[in-house]
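Reader: I should like to learn how to read helix packing, strand order and internal cavities in a structure. Could we work through an example together?

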Amino acid sequence: MWKYLLWSVLGLATLQGTTAEFSDVFDEELFVKPLPDKFVYSYFQFTTRWELSQNDSLLHTNLVSRPLAELFHHFGVQELHLSFTYGLWRYASWGYPVTDAGPGAEVWAWFNPTTDRASIDHRWKMLCGTLSGLFCASLSFIDPSNTFEPVYSLRPTTHHFPGQPEPILRYAALPREIVCTENLTPWAKLLPCRSREGLVSLLVPDSIYASNYHSLGVHMRKLCHDPECHEFQLEAKQTVSVVQDLRIFGGPNWSLRKLFGQGMEGSCALATTSNVYVDVTDNGAVEVSQKPDETIRSVRGGARTELHRFDVKQFEAVMAKGRRAMFNVAVMDKRDPNVIIVAGPPPIFAKRFILGVGQERGKIVTQITNTHWGSLDLVVFENIPWFVPIYLHTLTIRHGAERIKPAFLHYTPGVQRERPYGLEVAFRIPARATVELSIDFDYIFLKWQEYPPDANHGHYIPSSIISLLLPSARNYTSIPREASLFRDSFNATQLAGYFLQLRTESLLLTLPTPDFSMPYNVICLACTVVALAFGPIHNISTKRIAAKGQEADKPSFSEKIKQFFKRKFGRKAKQTKEEEAASTEDLNAPDTE
């Protein structure tokens, strides 16, 4: 009876565990797109979707990494975005990436709405500290002095029901953060198959960190199905963007093995789908090494795209019946290598720089170019550190000699060592025009403890964020905000427009720097004086002073010779006298016989 009951309990638990396995799905995708000027853009996306109810615990996970699920459980997060980026994306020649990210580290999150702002600041600080330890980064340096709350630029991608309060946003950027293997290794360990198999096995550190541009990303959100959130979906998306120069590989021909140093044995065993997409739009002179499983022709916002889809799962099924081989896709370009293909610029792009002479006053200039046939409405977000005081009355938006009036303006003054300066300005840029947005600032002195270790290198200003809706999808590859997978972007025409965010360059500012060699010189001088003074003082305090008698004059060299011969002959004369005296005594001695 007890055995039957035990086996029944074990069977029920196994059945529940098996049922729970079907509540989460993992998909892996790779999108490869040739760029102008002999560059190749590779975009990896690993998406895990987990269906949950209000009674389910986020601490019992299957495919979703538990450290990521705990962030939502402990800190009350609704949506989280994190990126580590090296290099600068060239919008003017490359178009737009699938996922945009600024240089360095960037993190922003939406928290559950509450009236206690102090608890939000505490949870934000704890969240950044947890992410810092999870990804071996310097996110623990995020504090209220570099945290801002944008109002218009960043909007959540979660479901919002009528009557619900808005979630609370926190945003911070560390443009000085260096991306290295220490960030990639823990990032890969959060995947279901880690780095052992699947598309993630192509992410070899030697190939990734030798590229011109690479970016790691983690994007998570909680999608509620009803206003009370009785049932919801936890979506965890990990992305990698890599841009490589084909001239380093010796020509325009490329393959996965050449780009990443190795082929791929197969897909992740836990993945539902594993697809590789190669963009062959307007490439009639390009030959692909193998026949694709599907040719996709996508029409989106007036832009036509043709892609070849390769199913890695299907490749595994074919290879299981025959010989074992590595999955690889090669592309041969048969066009004349001396012909340079120049692509048209995207609808909008921007660049940013600093103007000014000396170290008293300067000007931050953001130059935005609109190549579209119509005017565009956009929002520019400037996140200025507290040590760069800006003046709002100097804000100007000019199109040549014409001054443009902003539609609205949201400005948050900064407080030294407590809060950064925040500026969000919206305006309309005319068609086929270049507009300059500028604002003046002052150079200030910092405390000597506030300078970085390499003080003369300078201080970084985070990149600006430009947000707008594009009327067409030319050079646009982003995934719709309501979608999860890359394949959901095919034929995804949006009548309201295509939401776009682009980041400008991060600026390097050289503040007035004191002569940090002076303390070194003072230390060396003080130590030298102490060392020279220590010896005499030690001798005086430890040795006894005694007077010595006057010494006789030293004899000359000739006197020394005379004394030498005098001592020598005097010793012989004395010896002769002693012998004569001894013999005389022997003669005068009485005879005892």
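The dialogue below takes up these topics in turn.

Author: Please bear in mind that this is a predicted model.

Reader: How should one describe a pair of packed helices?

Author: Two packed helices are described by the angle between their axes and the distance between the axes. Here, helix 2 (residues 66–75) packs with helix 4 (residues 117–135) at an angle of about 170 degrees, and their axes are 11 Å apart. Angles over 145 degrees count as roughly antiparallel, and helix 2 and helix 4 are therefore roughly antiparallel to each other.

Reader: Which residues of helix 2 and helix 4 make the contact?

Author: Helix 2 contributes P67, L68, L71 and F75, while helix 4 contributes R123, M126, L127, T130, L131 and L134. Of these residues, eight are nonpolar, one is polar and one is charged.

Reader: How is a sheet read?

Author: Strands of a sheet pair through backbone hydrogen bonds, either parallel or antiparallel. In this model, five strands in the order 15-16-22-18-19 form an open sheet with antiparallel pairing. Strand 15 (348–355) and strand 19 (402–403) are at the edges with a single partner strand each, so one side of each has no neighbour in the sheet. Strand 18 (residues 396–399) is joined to strand 19 by two bridges, and R398 has R403 in strand 19 as its bridge partner.

Reader: How many cavities of 30 Å³ or more are there, and what lines the largest cavity?

Author: The count is five, and the largest cavity holds about 70 Å³ of space. Its lining has 14 residues, with T48, L68, L190, A236 and Q238 nearest the centre. Strand 2 (39–53) and strand 8 (231–245) each give two or more residues to this lining, which divides into nine nonpolar, four polar and one charged.

Technical notes. Residues numbered from 1 in each chain as written. Predicted model: local features only at pLDDT ≥ 70, side-chain atom pairs only at ≥ 80, totals over all residues. Heavy atoms only, no water. Axes fitted to C-alpha atoms, helices over the stretch in contact; angles between N-to-C directions. Helix = DSSP H or I, 4+ residues; strand = E, 2+ residues; numbered from the N terminus. Parallel < 35°, antiparallel > 145°, perpendicular 65-115°, else oblique. Contact = heavy atoms within 4.5 Å. Nonpolar A, V, L, I, M, F, W, Y, C, P; charged D, E, K, R; others polar. Pairing = 2+ DSSP bridges. 1 Å grid on protein atoms, 1.4 Å probe; cavity = no way out; pocket = protein on both sides within 12 Å on 5 of 7 lines; lining within 4 Å. Points joined across faces, edges and corners; volume = space filled by probe spheres on them.
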